[in-house]
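Please look through the sequence and the model shown here before reading on. The report that follows moves from the overall chain to its parts and then to its contacts.

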Amino acid sequence: MSFTLTINGTTHQLEDDQSTVKLLDYLHDTRNLTGTKLCCGIGVCRACTVSVQKGPNRFAEPVIACSTPLATLKGARITTIEGVAVDGNLSAIQTAFLDNFAFQCGYCTPGFVMAAEVFLSWLAVADVAADDLDALIENAIGDHICRCTGYVRYAQALHKVALEMLEAKP
Amino acid sequence: MTPDFGGQRAEISRRTLLKTGAGSLLLTVLAIPDIAIPATHELQELAGQAKRRIDGLAKVTGQKVYARDFNARDMAGWPSQQKFAMFMRATTTEHAFRELDLSDLRKDELPERIVYGDQMHKTQRAPLIMGRRDLLLDSRDDFDQPKGMLYDLVVKRGHAPDFLGQAVALLIFASKPAYDSARKKMQFRDSDFQVYDSAPAPQPDAVTYSPTTRFVRYDADGQAFSYAQNPDDYDELEPVFADAIDLYLDENPQLIRHDYTSDMRTMDPMFMEPESGIAWYERDNRNLHLVLGTQSPDGDVLGISQMYGSTDSPLPLSNITLTPCYPGGGFGGRDSSPFSLMLALAAAYGDGAPVRLSYDRFEQFRVGLKRHACALSGMLAVDADQKIRVNKMQLEFDGGGRKNLSPYVAQLAALCSSGAYDVPMADVAAKAVHSINIPGGSQRGFGGPQAYFAIETALDDIAAQMGWDPIALRLNNIVDQGDRTVSGGAINQSLRLKEMLQHAQTNPVWADRAAIKADYAARGLTYGTGLAMSMQAYGTSGDGVVAAVSMDRDGVIRVASDAVDMGNGSATTLSVVVGPYLGRNADSIEMGGYTLFTQTGLSDEKGGSWSDPGWTAKGVGSSSACLTALHQVHVVQQAARALFLLAILPQAAEIWGLDSLEEDQTKWVDGQLTYLPGGKPPLPQADLAEANFTRGGTSSVLAHGFYQGSWTSADFPINGTLTRLELDGLAVTSALGFGPTPVRRRNTVAPAGNPRDGRYVWAPAVNLIGLTVDKTSGRVQIENAVTVLNAGKVHVPELVSGQAQGGLAMAIGYTLSEDLPPGMDGPASGNWNLNRYHVPHFADVPLNQSYSAGRRSQQLVLLPADGETTGRGIAESVMVSVAPAISNALRDALGVRFQSLPITPAKIKAEINP
């Protein structure tokens, strides 16, 4: 038996004996995609967050790659940090993190980008008031650990992009 | 017609020779492969200003920039097959280690090789480490000479480990599946795989790491005695003046005396990227290739050269090729880390294949350098006029199992013991002792967090006891320019502490604290306000810095520096500070340029003299984030200025048809050089660069500076005239590629500082904390934080505020939640991770940047530079006074002094609900 999963638009065929392999190890060892980071390895810090969309689900969800076996991702569409920029064009949140000097060492940044991407894709169609943004942002990235920045500039950058998104809605 | 001398790029060599016991070896430093750093002119709107981090694009798109990202397959010219190293770690120091028992592993899980300490060459097991730290005792203790490591990297069979987590064996696995499977099976089951003698092993005598520190300062009754002021008779008179202080106390019973004690647990830097690296010993040409993310490439390479540089080396070395990567955080935890030695050790057993050593978080907690646990006690005596008279303090740091930098951390703690105050009589002793615990390192603050906690909480207790205003008490004692530190070192720098305290005093978080407290109380919440201040030193007692600035034919500017960017933004800062000199920010920057110094033509051999134009007091030291703003920026700017004088100015004069042209007659405007007297067309920077190459001008300047209270300065012949530069070394490379050729300095003026002063430059900070405490759970929440910071000239405001915000967050964790027990109850057991070591999350830190009542906020008040032209190292200064400010706020909230860090909910509950 085999199964497939799609990473950054490319579909890969996997054998069943890979079912117990953690997604992070697969990304690193097999695909040489090392943008998704290992920090704690037990799902606490969320540096390894990727975006996963399963089956008919309308929205992607953030998934902790260090602790997720491939068996739970059969047929899933996975986006890693390497798949966010399209043809060299950064996403809005990547640009905002850069412009706002949101990160320092940057090791936690891919996880923040992916969680923010998932949040923003939901926000694009959600009925949300601007006053609720702070709480929603805390819900989206509040469990991510950053050791360098104190979170202020990450929060500011995401708030700016989210607010612009809300204001652009008809 | 002027001949075209050709050439396109200004190259700076990445190679240098290192001396070893067996002769010399060639060190080559390579850039990170395929890093996508964008052209800076796309990022920087104006020369001298940063729009984004220069390393930002690579990091935000997930490119390979960290050592952990690389495997052998990513390295050009390496074999693609790599092996995997694992060190087994000691679980006891009470029994002799006998051997491993791997019988529980399947055949396909077995390592291809097991190496014990007694099977290693002595230089592998215990390499001599060069003590290149320049610290206070430089002038009386010759610790720059090689010192033997006190304890082996790997335990010999039949010997009891010296400390928990010491390696007992090296395992080499031939494949990733074997490594992964064995690791999974062995993790958390050390006792099933390690065999120790059942009989107890003899225990060693207690060891105190050398040097220990004692500062006795006596400045009263017309007598002035101190370490710095009495270089000739200090040791002889130290006990005499210590007795004089005791006699003064006996004769003045009216003094208000406050005894204090404090203790702090070990703290893990918890940088996000666990240490990792790959190494390949290429036997044919005796080349050791290393991919490392390190804070101290100079020390790492020297250590490795000691490991393999002897005449009977088991791994004969002719070359080391180092690829330094961006570290995924550092905070001092990667400074002089033994990781690089462990990786180099493993490389010897790869049998020609690259070897990867990668710690996971459990192992990083288990062996990574820590901030020291500390126990201290003392007595502060103040007179009725609110003047501090005497401070006596004793500090003992738990150095853990290896010496590392522990005695020097204790030394700086002693220097910080008087806080930001003028203390006329002080008797301070600090030492670091060996223990079975994980070794301590140079983590952020370097002794400051412990010492400032002591003095700032003691002052607050006296203020509370006497009913004095805590700010007034501090204002009455602040140290200022012209005063002296506890070492007797002169303070020749403006501190502006009074102005900073006044900022805090008028901030609503302090001014309205009673009303805020009442407001919270009305909502059933317990609120308190606390304040503390510090003046953290940056730099050491003598700092050597080297940098190169070059300009290509098309005007592209490149900077190379010996600094390492741990995330603090050094690379970005150094790339923009050349802009005002060269009309354009740097397009690329190479950090960790360890090969630069040897190309300057300078020597830093001991015993040299400033009268020798080829000598400097110090080449380079370990990289510290706090060295960027003043030290690194200065040398980069001096190099940029020299390049302007050599490469730009002559071309402009030629094009403009001027017989003479002075630099102050020109100004860069929008990337074009303009002639201020007028009448000449502006010259685009790229055209000047083209002209420079066409005429075979200077393409690159390599500069070295030495700071010790002031910069060494000298005259250098430039364009036929002597030009004064605050440098001690200059070398130039021509567009033809010749060089770097040293430019002989003249009329050298030595730096003004007395090495015994210890430190010369300071970054003062005042922290103000408002917090609530839940009396039921003991949980504390930071509601308001105000930091008043004297950062001097700010080069990149976003980087400074980011550093301050990060420092605050880390300090909140240190104070309230980051709790590492010693011994096998702590991370030495190998089963600690972020599920039980609680670093601050988003919700633990106030995120709003302006204060409004009832809303959590974090304010950063930067003093205007007011003419100060240089930046101050602020990486550590913000965080060192946060812990006492929190403790002081808790005292205000609960009426209880918490003196033991971290102040966990359990400790709070135990105090208020005994």
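What percentage of the 170 residues of chain A count as buried? Of these 170 residues, 51% count as buried, where a residue is buried if 20 or more other C-beta atoms, placed from the backbone, lie within 10 Å of its own. This is a predicted model, in which local features need pLDDT of at least 70 and side-chain atom pairs count only at pLDDT 80 or more, while totals for chains, interfaces and linings use all residues. Residues are numbered from 1 along each chain as its sequence is written, and chains are lettered from A and ligands numbered from 1 in the order in which they are written.

**Overall form**

Chain A holds five helices and five strands, which follow one another along the sequence in the pattern β-β-α-β-β-β-α-α-α-α; helices (H or I, at least four residues) and strands (E, at least two) are DSSP runs, numbered from the N terminus. The C-alpha trace of chain A spans about 50 × 35 × 30 Å along its principal axes. Its radius of gyration is 16 Å, which agrees with the value near 15 Å for a compact globule of 170 residues; the radius is taken over C-alpha atoms, and the globule rule is 2.2 Å times the number of residues to the power 0.38. Among contacts in chain A between residues at least 6 apart in sequence, 69% join residues at least 24 apart, two residues being in contact if their C-beta atoms, placed from the backbone, lie within 7 Å.

**Two domains**

Chain A is divided into two domains, listed below with the residues that each gives to their contact; the bounds come from an automatic or database domain assignment.

| Domain of chain A | Bounds | Residues in the contact |
|---|---|---|
| domain 1 | 2–83 | 16 residues |
| domain 2 | 92–168 | 14 residues |

Taken over C-alpha atoms, the centres of domain 1 and domain 2 of chain A are separated by 22 Å. On the side of domain 1 that touches domain 2, strand 3 (49–53) and strand 4 (61–64) of chain A each supply at least two residues, and strand 3 gives the most, with three residues. That side of domain 1 divides into nine nonpolar, four polar and three charged residues, where Ala, Val, Leu, Ile, Met, Phe, Trp, Tyr, Cys and Pro count as nonpolar, Asp, Glu, Lys and Arg as charged, and the others, Gly among them, as polar.

**Contact with chain B**

The contact between the chains takes 41 residues from chain A and 44 residues from chain B. On the side of chain A that touches chain B, the elements giving two or more residues are helix 2 (92–99), helix 3 (109–123), helix 4 (133–141) and helix 5 (152–168) of chain A, with helix 2 giving the most, four residues.

Key. A residue is buried if 20 or more other C-beta atoms lie within 10 Å of its own, exposed if 12 or fewer, and partly exposed in between; C-beta atoms are placed from the backbone.
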